[in-house]
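Please look over the sequence and the structure shown below before reading on. The paragraphs after them are meant to be read with the model open.

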Amino acid sequence: MNLIGSKSIASTLHLVVKVAFFLATAGVLLMSIAPILPYRSQQHVSFVVQSGPLDVSFDLFRGTEARWWIWAMELVSRTCHAVVLYLLMRILEPVGAGELFHPKTPNRLRMIGCAVVISALLRTLFCAALLNTGMVAESGARVSWAIDTDAIFMGIVLMVLGEVFRRGYVLRTETELTV
Amino acid sequence: MGIRVHLDRVMLERGISLTELAGRVGITLANLSILKSNKAKAVRFSTLDALCKELHCAPGDILKYEMRAEETE
């Protein structure tokens, strides 16, 4: 099986990411309408948040006031996740068609990098604000604030990769126009 | 770019078509068309050599340097 082109690993991955994107979008939509769901449905709205400095398992309508903060942060985080999946899907689309250096790929990679860094910083700021206001999550929850260096490092690597792809596209264009 | 390709003029003088020249030189019609329409970013010495050999001309007959408007001011 080829790495790029039609019926390749890239085209299969594109399909997988597409499905993941639609699932993530549905998740974001469901999460955003959770507070306005009827009371009967509200009893079953629970989330497990395990990312970066936050590790919380909570029920949206049974916890303390902090649950709304956690809900808002998780909504922003999942939206960022959906955006990253969308951009990844768009990057893999031309690769699946056999075009590795697409002119829009560098910008998309940079945007993914920015989304990852912003999401990590927002999460850290949120946790710091949550602890600063004295809000306490329900029992069993653990909230600590720390900078998610792994995510920031990954974001910077993606931005550098974006620049690599930009240069690659320029080189490919020049090669194509060399007679 | 200040370098202009005058391949069409040389071809007209020699009475040779683009398809015929592409076949004789051994490069694709698409690439020769890119060169003729001044869209090429670079020309290999081997291509220039083959063109000069077939058209019985010097590189200077095909490539000319033209001053840009901002350079002449």
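What follows takes up confidence, then each chain, and then the contact between the chains.

This is a predicted model, and its overall scores are ipTM 0.71 and pTM 0.71. Chain A averages a pLDDT of 80, with 73% of the residues scoring at least 70, while for chain B the mean pLDDT is 88 and 92% of its residues reach 70 or more. Within chain A, confidence is highest in helix α1 (residues 9–33), at a mean of 92, and lowest in helix α2 (residues 39–42), at 50. Over residues 40–45 of chain A, pLDDT stays under 50, and the model has seven contacts beyond four places in sequence for this stretch. Where pLDDT is low, the predicted coordinates should not be read in detail. Those seven contacts of residues 40–45 of chain A are therefore to be read with that caution, given that pLDDT stays under 50 there.

Chain A has five helices and three strands, and if one follows the chain from the N terminus on, its elements run α-α-β-β-α-α-β-α. Of the 179 residues of chain A, 30% count as buried. Among the contacts in chain A between residues at least 6 apart in sequence, 76% join residues at least 24 apart.

A residue to look up in chain A is Val157(A), which lies in helix α5 (residues 149–176) of that chain. Is Val157(A) buried or partly exposed? Val157(A) counts as partly exposed because it has 13 C-beta neighbours inside 10 Å, whereas a buried residue would need 20 or more and an exposed one would have 12 or fewer. Val157(A) can also be set against Ala128(A): the two are 29 residues apart in sequence, and from C-alpha to C-alpha they are 26 Å apart in space.

Turning to chain B, its secondary structure comes to six helices and two strands, with the elements running β-α-α-α-α-α-β-α from the N terminus on. The C-alpha atoms of chain B, taken along the principal axes, fill a box of roughly 40 × 20 × 20 Å. Buried residues make up 11% of the 73 residues in chain B, and among its contacts between residues at least 6 apart in sequence, 65% join residues at least 24 apart.

One helix pair of chain B can be followed in the model. Helix α2 (residues 18–25) of chain B and helix α4 (residues 45–55) of chain B pack at an angle of about 115°, their axes being 10 Å apart, and α2(B) passes α4(B) in a right-handed crossing. Which residues make the contact of α2(B) and α4(B)? From α2(B) they are Leu21(B), Arg24(B) and Val25(B), and from α4(B) they are Ala50(B), Leu51(B) and Glu54(B). By class, this contact of α2(B) with α4(B) has four nonpolar and two charged residues, and no polar ones.

It remains to see where the chains meet. The contact takes four residues from chain A and eleven residues from chain B. On the side of chain B that touches chain A, helix α3 (residues 29–36) of chain B gives the most, with three residues. Sorted by class, that side of chain B has six nonpolar, two polar and three charged residues. The ipTM and pTM of this predicted model are each 0.71, and these scores may be kept in view when the contact is examined.

Key:
Residues numbered from 1 in each chain as written. Chains lettered and ligands numbered in written order. Predicted model: local features only at pLDDT ≥ 70, side-chain atom pairs only at ≥ 80, totals over all residues. Contact = placed C-beta atoms within 7 Å. Helix = DSSP H or I, 4+ residues; strand = E, 2+ residues; numbered from the N terminus. Nonpolar A, V, L, I, M, F, W, Y, C, P; charged D, E, K, R; others polar. pLDDT = per-residue confidence, 0-100. Axes fitted to C-alpha atoms, helices over the stretch in contact; angles between N-to-C directions. Left-handed = near helix turned anticlockwise from the far one by under 90°.
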